[in-house]
Structures are given as structure tokens and as C-alpha cells.
Amino acid sequence: MSTGPGSAGNVIAAICSFFIPGLGQLVQGRVLSAVLWFLAACAAGVITWLLTLSLFPFGWFVVSVLSCISAAMYRRPVG
């Protein structure tokens with residue numbers, strides 16, 4: 001089974017990360033990366049909410065897209 005970019009596992013992880021940043025990395029077994037993506041999304045959401053005083057924290061969305069790309073492009077180390 002392929003484990004590089006575009007593999008079925010990476011696509012599922014990318015979809016998970018789109019909804020909750022870091023969830024895809026957690027599915028891939030990368031716990032530290034998952035925690036960091038989630039904390040980055042929370043921080044970005046709070047900062048953008050405070051700056052714009054709106055109900056749409058677009059910082060969360062930006063980080064979730066970046067997390068999604070990270071999960072989709074992940075290549076498991078050989079060895």
C-alpha cells in the first residue's frame with residue numbers, strides 16, 4: 001500500500017484535518033504535530049476574533065487549510 005502524498009490514508013487524514021486541525025496528523029500517528037496544529041488553530045482563531053471582534057474567526061480556517069495540506073503531503077520516513 002502506498003504511503004506517500006495522494007495515498008488513501010493521506011486523503012482521509014487531510015479531510016480530518018480540514019474539519020479539526022491536527023486530527024489528520026493524529027490519524028497518521030504524529031501526536032506532537034497534531035497537538036501543535038490544534039494549538040496553532042486555537043491561537044489563530046482567538047487572535048483573529050479579538051482583532052476583528054466578529055463571530056467568524058478566519059484564523060482557524062487558514063490554519064485548518066494549512067494543516068490539511070500538511071497531512072496530505074506527508075511521506076512516512078523509510079526505515
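**Exercises on cysteines and aromatic rings**

In this predicted model, C68 is buried, with a relative accessible area of 19%.

**Exercise 1.** Determine how many disulfides the structure holds, and explain why C16 does or does not take part in one.

*Solution.* Begin with the cut-off, which asks for a pair of cysteine sulfur atoms within 2.5 Å. The closest cysteine sulfur to that of C16 belongs to C68 and lies 9.7 Å away, which is too far for a bond. Seen from the other side, C68 is in no disulfide either, since its nearest cysteine sulfur is that of C16. The count therefore comes to zero disulfides. As for the surroundings, C16 is partly exposed at a relative accessible area of 21%, whereas C68, at 19%, is buried, because the limit for buried is under 20%.

**Exercise 2.** Classify the ring pairs that F18 makes with F19 and with F61, and state which parts of the chain the pair of F18 and F61 ties together.

*Solution.* Take F18 and F19 to start with: their ring centres are 5.5 Å apart and their planes stand at 80°, so this pair is edge-to-face. For F18 and F61 the centres are 6.1 Å apart and the planes at 85°, which again gives an edge-to-face pair. Because F18 lies in helix 1 (residues 8-19) and F61 in helix 4 (residues 58-72), their pair ties together parts that are 43 residues apart in sequence. F18, F19 and F61 form one aromatic cluster, in which F19 is exposed at 59% relative accessible area, while F18 at 36% and F61 at 42% are partly exposed.

**Exercise 3.** Identify the ring over whose face R30 lies.

*Solution.* R30 lies over the face of Y74, at 3.9 Å from the ring centre.

Key. Residues numbered from 1 in each chain as written. Predicted model: local features only at pLDDT ≥ 70, side-chain atom pairs only at ≥ 80, totals over all residues. Heavy atoms only, no water. Buried < 20%, exposed > 50% of the residue type's maximum accessible area, 1.4 Å probe, protein only. Phe/Tyr/Trp six-rings, centres within 6.5 Å; stacked < 30°, edge-to-face > 60°. Helix = DSSP H or I, 4+ residues; strand = E, 2+ residues; numbered from the N terminus. Lys NZ or Arg CZ within 6 Å of the ring centre and 35° of its normal.
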